[in-house]
Amino acid sequence: MKRQILMIAVVLALLPSLSWGAGFALFEAGNKGLGMGGAFTAVADDPSAFFWNPAGMAFQIDEGTQVMAGVTFITPYQDFTGDNPYPGDGYTASMKSQVFFPPHLYFVKPLSDRVNFSLGFITPFGLGTWWEDEDNFAGRYISKQADLMVFDLGGQVSWKICDRLAIGGGIDYMIATIELKRNVPFVNPYTQSVVDVAEADLHSDGFSNHAWAWNAGFMFKLPAGFSIGGMYRSKFTIKGTSASAEFTQIETGYPDFDATVAATIPFDDDPDIYTELNFPDYWQVGLAWSNEKLTFSGQYGEMGWSVFEELNIQFPEYPALDSVVREDYSDSKQYRFGLEWRATRSLAFRAGYGFDETPQPIESMSPLLPDGDRDFYSAGIGFISKKNTWGFDVGYEYLVMQERSTEGQSYDGFDGLFHDAGAHLFGASFFWKF
Amino acid sequence: MKKILLITCVAALLAAPAMAQVDFTRYVALGDSLTAGYVGGGLMDYYQYRSYPALLAQQAGTATFEMPLIAPPGLGPVMVLQSLSPLALGPTDLPPPVDPFEYFYNVTLEAPYQNLAIPGSTAYDTLFTTGNIFNLIGGNQDNVMHDLILRQPQVENPANGELIDYTAVVGAITQDPTFITVFIGGNDFLPAVVAATPIDGVTLTPVAAFEQYYTQIVGALATSLPNSQIVLVDLPADVRWAPFVSSIPGMVDVPGLGPVQLQGEDGPIEATDRLTLAASALIAQGYGLPIPGAPPLPENLDLATGNPGVILRGAELDLISQHVAAFNQIIAGAAAAFPNVHGMSINPMLEALATGTYRTFGGIELTTQLLVGGFFSYDGIHPQNVGHGVYAYELIEFLNSELNAGLPQINMYDVLTEGDWQSPQPLKCGTCDPKDAVMTREAFLQLYQLFLPDMANRMRQQPQHLERFSSID
C-alpha cells in the first residue's frame, strides 16, 4: 500500500500540461485500449475499465487485487496559414513542439466473488496550445498559450449480477487547472497603431476548482463469444472561484501613454477572476467478439459538447475586463474499431482505427483551440507473465486531424487554414496482480 | 444541334445576372475630404496612399490610380498628439517644403487624377465647381482644393469640340471609367456639426437642393457611362458617432466644486446635448463653469464674427439626423434608378463601431473613441488609416457579395500595426502649446477652413473675437 501511495505522489508531482482529444477530451486511459483504437467499452478487461466501462471490472474479480499505472506521451503538431483581412494572406504560424503525458493509475480490489471495488486517477479532459514566437504571433490577443487539465479521482463499485451480466458505477471528483496567456492590445494614441501594452496571465490557483460527476456502465456477455458494453459519464461544471489574473505591463516607449495604461489595467493587483466551464457528458456502446486467439471490437459514442457554449471570464472587481469567448460547440460522434491477436499465451498484438467528429464549429476555431475531425490508427503489444502476476501494454496511435478553414467566419476575426495537424501518441501501462 | 445551341444560349443569358462582375480597369473615386484621404486635419501623401479608394484600387489590381499627392506635413498640416496629459491635439510644427512643386509634387502629372475627391466639396461642388491650378500658383487661395485637384477650368467636349466646365463629374466621365465610387454629401451637413449650428440653407444643404444635385450627378454618370459599375455610399446617419461630437462630457470635475454641469448660453448641458471638440479650449479658459463671472459656452455660430458654437442641443442633433436621413433616402433612390448603380450603406458598420459591437480583427476591437478607438483620426471627423482600412474592407465585402467582384480582401494586420506617418519615430512637437485642451485653436481652424471657409476667414479677420480661443498664459 505504501508503494501505491508513493506512486500517486510521484505522478501528482509530475503533472504535465495536457492535450489532444476530440474537443479537448482525452481518451488516453490505458494503453491496451489505445492499441485497439479505443474500441474498448465492450472489452474492458483490464483496470482501465475504470474509464471505458466500470461494469468490465466485475468480470475481473478472479484476477484478484490489481494495480495499473501508465502514461501516454502525446506530441501534437499543427500549422496555420492566414487569410485576409486578419492575420493576412500568407501569414504562417506553427504550434510549439511539446510533449504531454497524461498519466493513469488504478487500484482494483475484489470485495466478494461478485463485487469489485476500484479507485482510479485519470485525466479525462486536457488542452494545451502554445504558439511559436508567441510575442509576435498574430493571434496573441486571442491566445498565445493555453493549458487546461481536468483530473478525475474516482471510486467505483461493479457487481456481477449473474455470469453474463454486470453493472458498475462510481463517483468522480474532478479537479481543474487552467491557464490562459494572451497579450492586451491598445491603440497607441501617439502612433494610432495597435500595440501590446500588457500580458495577461489568467490562471486557477492550485487545485481548488472542483466538481463532482458520476459514471455507470453495463456489460452483457452473450453466447458464442459476443459481448455488449455501454458506459456513461456525466457532465459537470467547474466553477472557477479560485482563480486570478496577473497583468504584466509591456512598455511602449511613450511614458505618458504607459502611465495612462497603468492607470487602466490593475498591474499591482492580481484581481480575482470567476469562470464557469461546462464539460460534456458522454456515452459509448460497443460490441465485441472473442475466441481463444482473437478479439474484434466496434464502438459508437456521442459526447454532449453542446454544453460548451462559451468561455466566460469575469473580473468581479474590474467588470471592464470581463470577456466572453463564443464556442457554440455541437454534440459529436465517435466511431472506433479494434482487434487483438493473442499470438501466444503471453504476447498479444493489437490494432485499431477510429474517427472522432469535431464538436467545434468553424466560427470558434481559434488559436485557443483549433479542432477538426480526426482519424486515428493505432497498434499495440501486450505482454503478460507466465504466472499472470504482472505485465505491460504498449500502444501507439497516429492521429491525423483534417485541415480546416475558418472560411472567413471566425468569431475572433482570425481567419485562415489550420492544417498539417496531428499527433503521435505513445504509451505504456504496467500492471501487477496480487 | 441547334436545340443544344439554343439551350446553351438561354442558359448563358439566365446565368448572366449571377455572373455580374466588376471591371476595375479604370477606377475613379468621387467624394470629399474623406475619400481624398484627408486625415487628422490635413491631406498628406502618407494617408492618401492609405485612403480607401487607393486600397480598393490596389486590391482590384487597377493599373493607374493617380492622386494629388502632397508631401509632409500635408495641406493642413496634419495634426499630431502634442501631449496626452494634459490632452492636446494640434497641427504638426514640421514646416512644409518651400518649393510648391516639392510640396504638391504630383501636380504636374499630364493626366487627370483618378481620385477626384475634393476636400470640402458638396454635392453642388461635385456638379458645378471647377478649379484652376494657375489660380493657386498666382497666390489666390479661395479655392485651393479644386485648383489643386481639377487643375484645369475647362475641357473640350469630345462630342462637339466645345469647351465645357471641367468639374469633378466631368473629370470622371471624360476618363471613361469602368468603375466609380461616389461618396459625396458629407459637406452638405457637416458644417452644421463643426459650427454646432444647423441652419437650413446656411450650414445644411436644403433637402430639395441636395436631391437636385445628387440625382444630377448620378444621372450624368449612369447615362454617360452605361457600361461602368457605379457604387453610391450613403452618409453617417448619426453624427454622435463622430468623436468630434461625443468626446467632451457635459460635466466636468472642478477642484473644490466636484462634478458640475457645464452651462451654455441657453442653459445647462443636458444628457441629450453634445459638446464639440471646439468646446474644450473654451472650457480650459473657464467658459461654461457654473461660477460667478464665467461666460457660458457659445451655443451657435456668430454669423458676424465667424465664431462657432460649441453646443449641439438634442433638437439640433435631431434636425441634422433628419436631414441626413432624407439625404440617404435620395441616395438610395438614385441607386435604385439605374441598373448599373448600386447603393452601399456604411451605417451598420458605423453603428457597430459606436456601440462596441463591430467585428474584431484577431481580438483587436475598434471603436469610435477619440485617440484610442483606432477608427477616427485626431480631428474626430475623418477616419485615420485604420478607419480607411475598415472602409476598404467593407467596400470589398459589399462588392464581393453584391456584385460578385471576387476581390481579395485587404490585410488588416498590416493596416492595424503599421502606425501613422510619424511611426515608429514619433515627431516630437517642439513649440506646441498643450494648454489648448484636447483640440488646439489652430487645429480647429483647419477643420473650420475645410467645412466653413468663409466663417473661418471671418474669424481670422476679427482678432478681437479670437481671444476666447487663445490659450491661457
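**Exercise 1. Polar contacts between the chains**

Task: Work out how many residue pairs are in polar contact across the interface of chain B and chain A, and how many salt bridges are counted there.

Solution:
- Step 1. Start with the polar contacts. Across this interface of the predicted model, 12 residue pairs are in polar contact, with both residues at pLDDT 80 or more.
- Step 2. Now try the salt bridges. Between chain B and chain A the count is zero.

**Exercise 2. The side of chain B that touches chain A**

Task: Describe who takes part in the contact, and find which elements of chain B supply at least two residues to it.

Solution:
- Step 1. Count the residues on each side: chain B brings 35 and chain A brings 28.
- Step 2. Sort the chain B side into elements. Strand E4 (79–84), helix H16 (385–403) and helix H17 (412–418) each supply at least two residues.
- Step 3. Pick out the top contributor. That's H17(B), whose five residues make up the largest share of this side.
- Step 4. Sort by class. You get 16 nonpolar, 15 polar and four charged residues on the side of chain B that touches chain A.

**Exercise 3. Buried area**

Task: Find how much area is buried between chain B and chain A, and which residues of chain B lose the most.

Solution:
- Step 1. Get the total: about 2,300 Å² is buried between the two chains.
- Step 2. Ask what kinds of atoms are involved. Carbon and sulfur atoms give 57% of that area.
- Step 3. Zoom in on chain B. Leu84(B), Gly362(B) and Tyr413(B) lose the most area to chain A, and together they account for 26% of what that side buries.

**Exercise 4. A pocket**

Task: Characterise the second largest pocket by its volume and its lining.

Solution:
- Step 1. Take the volume, which is about 1,400 Å³.
- Step 2. Look for the residues closest to the centre. Out of 43 lining residues, these are Gln141(B), Asp142(B), Gln449(B), Leu450(B) and Pro453(B).
- Step 3. Find the elements behind the lining. In chain B, those giving two or more residues are helices H5 (100–103), H7 (133–137), H8 (144–149), H18 (441–451) and H19 (453–461). H19(B) gives the most, with five residues.
- Step 4. Split the lining by class: 22 residues are nonpolar, 16 are polar and five are charged.

**Exercise 5. A cavity**

Task: State how many cavities of 30 Å³ or more the structure holds, then describe the largest one.

Solution:
- Step 1. Count them: there are eight cavities of 30 Å³ or more.
- Step 2. Go to the largest cavity, which has about 280 Å³ of space.
- Step 3. Check its lining. It has 23 residues, and the closest to the centre are Leu34(B), Phe189(B), Leu190(B), Pro236(B) and Ile381(B).
- Step 4. Name the elements. Helix H2 (33–36) and helix H10 (190–194) of chain B give two or more residues to this lining.
- Step 5. Sort by class, and you find 17 nonpolar, four polar and two charged residues lining the largest cavity.

**Exercise 6. One salt bridge in chain A**

Task: Explain why the salt bridge between Lys96(A) and Glu134(A) ties together separate parts of the chain.

Solution:
- Step 1. Begin with the total over all chains, which is 20 salt bridges.
- Step 2. Check the pair itself. The side chains of Lys96(A) and Glu134(A) meet at 3.3 Å, N to O.
- Step 3. Place both ends. Lys96(A) lies in the loop between strands E2 (92–94) and E3 (103–110) and Glu134(A) in the loop between strands E4 (115–130) and E5 (145–160) of chain A, so the pair links parts that are 38 residues apart in sequence.

**Exercise 7. Unusual backbone spots**

Task: Locate the cis peptide bond that joins Asn84(A) and Pro85(A), and the one that joins Pro72(B) and Pro73(B).

Solution:
- Step 1. In chain A, the bond from Asn84(A) to Pro85(A) is cis, with omega about 5°. Pro85(A) is in the loop between strand E1 (66–82) and E2 of chain A.
- Step 2. In chain B, the cis bond between Pro72(B) and Pro73(B) has omega about 10°. Pro73(B) sits in the loop between helix H4 (52–60) and E4 of chain B.

How values were computed. Residues are numbered from 1 along each chain as its sequence is written. Chains are lettered from A and ligands numbered from 1 in the order in which they are written. This is a predicted model: local features need pLDDT of at least 70, side-chain atom pairs count only at pLDDT 80 or more; totals for chains, interfaces and linings use all residues. Side-chain values use heavy atoms; hydrogens and water are left out. On a 1 Å grid over the protein atoms alone, a cavity is a set of points where a 1.4 Å probe fits but cannot get out, and a pocket is an open set with protein on both sides within 12 Å along at least five of seven lines; lining residues have an atom within 4 Å of a point. Grid points are joined across faces, edges and corners, and a volume is the space filled by probe spheres set on the points. Helices (H or I, at least four residues) and strands (E, at least two) are DSSP runs, numbered from the N terminus. Ala, Val, Leu, Ile, Met, Phe, Trp, Tyr, Cys and Pro count as nonpolar, Asp, Glu, Lys and Arg as charged, and the others, Gly among them, as polar. Contact means heavy atoms within 4.5 Å. Buried area is the accessible area (1.4 Å probe) that two parts lose on being put together, summed over both. A salt bridge is a side-chain nitrogen of Lys or Arg within 4 Å of a carboxyl oxygen of Asp or Glu. A polar contact is a pair of N or O atoms within 3.5 Å; within protein, one must be able to donate a hydrogen and the other to accept it, and residues adjacent in sequence count only if both atoms are side-chain atoms.
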